[in-house]
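Work through the exercises below with the structure open. Each task is followed by a solution in steps.

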Amino acid sequence: MLPSFVVTVTVDNTNSGQLNETITTTGYINDPFSVYQLASFSYDGVTDGQREYVVNGRSYQENVSGDWYLYEAGSPAAPNYSGSVDLRLGTLGGVSNAEFAGQGDVAGLPANHFVFDETDLTNYASYTPEHPSPTVEGDFYLAQEGNYVLYTHSKETSPGRTYEVTEALSSVGQVAEITLPEELTPMTQALDTGVALGSLLPPGSSLLAMIRYVRGIGIDYYSYKTSVRTNDEFLTFFRGLPPTNGWSVSHIGHIKPHLEQFDCEISFECVILNNGGDQIVVSFGGTISVEYDRDHVFSPV
């Protein structure tokens, strides 16, 4: 119901004195729908991170390894951020009762303050004297106008372990336009390439997603929804495909080395197309896979 906001969730998990910390900051704009999510992970003295964006309907993710997971607008596989930005579903999802503790301000907004402990949690009844509940101290603030969650905090303590979560809403109605960082614009170009390659596929095919592994074998993996139902139907289409946008079919049959994503080496006949020095492999297994073979890894058997 809010036009825009920023949510920061900090999770500190300490086991036997070893702290692992995750900080996730999500910026959200309702209209036009756009999101950024920046996460950092600290463990054993090492800090990693990943970042995700939704801009113009497309979803972009760069994980801790630097791998790309990209989703075309409308793809059913795209991440859903509705839960991660709804603070009613986080810490408060497990709170059944709380005590009013007064009024205060959070991020400049008047709020009502509540506190709770382990006896106020929905799972408290499942504990026994032989299996005692952790000690919990927590509180949260609800905006006086709108009654939405502004802040939650919960600290759970048990022998050898402390688990602490802080969730904070800020910048309500004040988030600037969300755009893809300049260094990530090649992601947009990669999805544009996938859309263009769709012109080589059976009618009705549409781009779903793209994956690029930093430590991979030089392949960009594109997946497409298609109306094709069998591999024979798929191969018949390419046997009749004329040169299109500079691309021509150069091989139909088995390909090596190729056991993933669909096994073109042994199980399925697949297709190689070339455009000058560029090469792609097209295969079918319920969806259509197009592998942009940047380093010419694959060849006919």
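**Exercise 1.** State the volume of the second largest pocket, list the residues that line it and sort them by class.

Solution.
- Step 1. In this predicted model, the second largest pocket has a volume of about 190 Å³.
- Step 2. Its lining consists of Y213, G216, I217, I219, Y221, P257, H258, L259, E260, Q261, E291 and F298.
- Step 3. Sorted by class, that lining has seven nonpolar, three polar and two charged residues.

**Exercise 2.** Do the same for the largest pocket, and name the lining residues nearest its centre.

Solution.
- Step 1. The space in the largest pocket comes to about 340 Å³.
- Step 2. Its lining numbers 15 residues, and those nearest the centre are M1, F5, V85, D86 and R88.
- Step 3. Nine of the lining residues are nonpolar, four are polar and two are charged.

**Exercise 3.** Find the strands that pair with strand 12, and give the bridge partners of A209.

Solution.
- Step 1. Strand 12 covers residues 206-212.
- Step 2. Strand 6 (residues 68-71) runs antiparallel to strand 12 and is joined to it by four bridges; here Y71 has A209 as its bridge partner.
- Step 3. Strand 13 (residues 219-225) also pairs with strand 12 in the antiparallel sense, over six bridges. In this pairing, A209 stands opposite S223.
- Step 4. Strands 12 and 13 form a hairpin with six residues between them, and G218 in the turn has a positive phi of about 85 degrees.

**Exercise 4.** Is S206 buried, partly exposed or exposed? Describe its surroundings as well.

Solution.
- Step 1. The relative accessible area of S206 is 32%.
- Step 2. Buried requires under 20% and exposed over 50%, so S206 is partly exposed.
- Step 3. Leaving out residues up to four places away in sequence, S206 touches S223, Y224 and K225.
- Step 4. I288 is 82 residues from S206 in sequence, while their C-alpha atoms are 9.4 Å apart.

**Exercise 5.** Identify the residues of the largest nonpolar core that touch the most other members, and follow the contacts of V282.

Solution.
- Step 1. The largest nonpolar core has 36 residues; L197, Y222, F234, L273, I280, V282 and V290 touch the most other members.
- Step 2. Helix 1 (residues 185-197) gives the most to this core, with four residues.
- Step 3. Beyond its neighbours within four places in sequence, V282 contacts L201, F234, F238, C270, V271, L273, I288, S289 and V290.
- Step 4. Another core, of 28 residues, lies apart from the largest one and includes L2, V11, V35 and L142.
- Step 5. As background, nonpolar side chains in soluble globular proteins tend to be buried together.

Key. Residues numbered from 1 in each chain as written. Predicted model: local features only at pLDDT ≥ 70, side-chain atom pairs only at ≥ 80, totals over all residues. Heavy atoms only, no water. 1 Å grid on protein atoms, 1.4 Å probe; cavity = no way out; pocket = protein on both sides within 12 Å on 5 of 7 lines; lining within 4 Å. Points joined across faces, edges and corners; volume = space filled by probe spheres on them. Nonpolar A, V, L, I, M, F, W, Y, C, P; charged D, E, K, R; others polar. Helix = DSSP H or I, 4+ residues; strand = E, 2+ residues; numbered from the N terminus. Buried < 20%, exposed > 50% of the residue type's maximum accessible area, 1.4 Å probe, protein only. Contact = heavy atoms within 4.5 Å. Core = buried A, V, L, I, M, F, W, Y, C linked by side-chain atoms within 4.5 Å. Pairing = 2+ DSSP bridges.
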